[in-house]
Amino acid sequence: MTSLANYVKKGGFYKAVVEDGSDIIFIIDYDGKILYHNSSVKDTLGHKPKSLIGKNFLSYLHPTSFQEFKHIFSKIKKKLYHEGVEFQFLCKDGSYKYLEFNSINLKQKEKINGFILDCRDITQRKKDAEELQRAQKAKEQFLANISHEIRTPINGIAGMATLLGQRPSQSEQNIYLNAIKSAADNLKVIINDILDLASIESGKLKFEKIGFNLNDLLQSLIVTFNHQAQEKKIMLSYEVEKEANQIFLGDPVRLNQILINLISNALKFTHNGFIKVKCGLQKKERNLYFLRFEVWDTGIGIPKDKLNTIFESFSQADTSVTRKYGGTGLGLTIVKQLVELQGGTISVKSTVDKGSVFSFTIPYPKGDIKTTKENSFGSGSYVHRDLIDLRVLLVEDNDINRLYASSILKTWGCSVESAENGFVAVEKVRNEHFDIVLMDIQMPVMDGFEATKNIRSFTKPKSNIPIIALTANATRRDVEKCLAEGMDDCIAKPFTPEDLYYTLNKHYRKGRLAMKSTAPSNKITFDLSYLRSISNNNEEFIKEMITTFIQTLPQTIDEIQSSMKVSNWETVGRAVHKIKPSITLIGLGDAKSLAVEIETLAKTNQPTERLFQLVDEFCIILNNALQFLKKEAV
């Protein structure tokens, strides 16, 4: 019988396996003695070539899996071929790596008591599987938590509403109404967390660049939380260093949101002692001020092994924390992403039973008094321009939602007409004049998508009316579907008066422009003198240029309008620049002057009201020119 040692030395073996292959090849006898291994053990496990020969394969296995592997080892002695055996093998540096082998038993074919083990490194695969399992478990826990968190306030609202229907006394009514408001506020926080995360992950979140003063912002913020802190007998204070007490340029609303999350967390987990917010200048680079914010608390603290995961989605330090304190587990995820999207960093230090310090840094350029907007942080007030006499069609099948939206609109002086479904809305737009349509999506008889399609099929100017979706579905896919179906914008429910006003203000001038007559008239003038001069008055050439202009113009108009809908001003500017030479050739003077201003403003990437107005006027002129040229072909 040929010995196993002789088999190893045979040239035939080297034909069967590749010495320099990426897989690790072991040849071992039935007792586990290693008779051969290739050089891949150096790359994967760190052992030098030939250094394991003569050693026992089983002695390198992880102690926890040793007995199980011995059992498998005895079983494969009876099989010609076995695959997919996982094990952990000791590396040179003392760590263990996951390997998987397929074995060839040499007994039956070669009459040798031994195996060829073809091993692959599956460490990364195991890590990925463990991470996936951990993420899945976290997600399942999150869904369980979120279900509980949503059901609790809904149950409270329903219960209090039932009690209100039982003719309670005036004092009881006030108690029930306050309970309803509190439950509704809790529900809104939960939903806003989910919507914020969806907005961030979809890349749709936009940051403002306006002036703000940190001392004013923090003063208002501390006032907002004072009552809660006093109830828990916790000292709440703030401190702004002199270098940070000036006007900076950025998004104060998002900074406010970050601090609200961190202070809320501190209040939730602190039962005595203090909470302090500190702000100072960390460093200055050219015109950027790197401001450092710290939120200190003397709360329950965070275990050391949980510090690396608290910023992850659906994660809290412990499921028992969720049960005791509530929350979605998304707050710190949102905070981290808001900080990083503004070019900042965030970290945490914590000791169990002693407290935590959350620190983040965001760079801001310096601003001045001209860049500030009137803000009232935490008060719910906001500045708006006049919307008096704006005619709004509110399409909403839910009575409460309809009452809420119409009440807000009327306080701004808007003229509001309601429709309970898409079919009624289509008929109202057909027969009446409106500047803008607020369109719910899910409605009986005819939904918002179908209604929008019908309105867009009308002749101009009615087909141009801005349609804004009001939808409880606010994922990236839902928003994209609204835009793809012909809507101009999307407001996610539940929405605040600020959300509604911002969107109306963005589109109201566009609505009034759209409702102007777009029929071609004698006012459309062309100066073909430049085209005639460069073509030496060649009528054939002139006709060809105009035909090309007619053929390419619709695509350009569509590109400009669709890019404007998603505030992609770089593409708007590029499209306008691309068509400018054609406008010059045709001699469309009004459009050329608009194109120059649009290009300039688009470079700033700021969606100002003036920019929306210019683009609307530009597209109207191009559409008029297109219709005129089609009828008056040269």
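Is Glu427 buried, exposed or partly exposed? I looked this up first and found Glu427 partly exposed at 29% relative accessibility, where buried means under 20% relative accessible area, exposed over 50% and partly exposed in between (1.4 Å probe, protein chains only).

**Ground rules.** I note that this is a predicted model, in which local features need pLDDT of at least 70 and side-chain atom pairs count only at pLDDT 80 or more, while totals for chains, interfaces and linings use all residues. Residues are numbered from 1 along each chain as its sequence is written, and side-chain values use heavy atoms, with hydrogens and water left out.

**Salt bridges.** I searched the whole structure for salt bridges (a side-chain nitrogen of Lys or Arg within 4 Å of a carboxyl oxygen of Asp or Glu) and obtained 17. Glu427 is bridged to Arg430, with the closest N and O atoms 3.2 Å apart; both residues lie in helix 13, three residues apart, about one turn of the helix. Helices (H or I, at least four residues) and strands (E, at least two) are DSSP runs, numbered from the N terminus. Lys428 forms a salt bridge with Glu417 at 2.9 Å between the closest N and O atoms, and this pair joins helix 13 (residues 422–431) to strand 14 (residues 415–419), 11 residues apart. I find Lys428 buried at 16%, whereas Glu417 is partly exposed at 26%.

I then turned to Arg125, whose side chain meets that of Glu100 in a salt bridge (3.1 Å, N to O). Arg125 is in helix 6 (residues 123–164) and Glu100 in strand 4 (residues 96–105), 25 residues apart. A network of salt bridges links both of them with Glu86 and Lys126.

**Charge over ring.** The charged end of Lys126 also sits over the ring of Tyr98, 5.0 Å from its centre, by the criterion that NZ of Lys or CZ of Arg is within 6 Å of the ring centre and within 35 degrees of the ring normal.

**Aromatic pairs.** I took rings of Phe, Tyr and Trp (its six-membered ring) as paired if their centres lie within 6.5 Å, with planes under 30 degrees apart counted as stacked, over 60 as edge-to-face and the rest as tilted. By this rule the count comes to 17 aromatic pairs. Phe57 and Phe89 make a tilted pair, 5.4 Å centre to centre with 45° between the planes, and both are buried. Tyr60 and Phe89 make a stacked pair at 5.3 Å and 5°, in which Tyr60 comes from the loop between helix 3 and helix 4 and Phe89 from strand 3, 29 residues apart.
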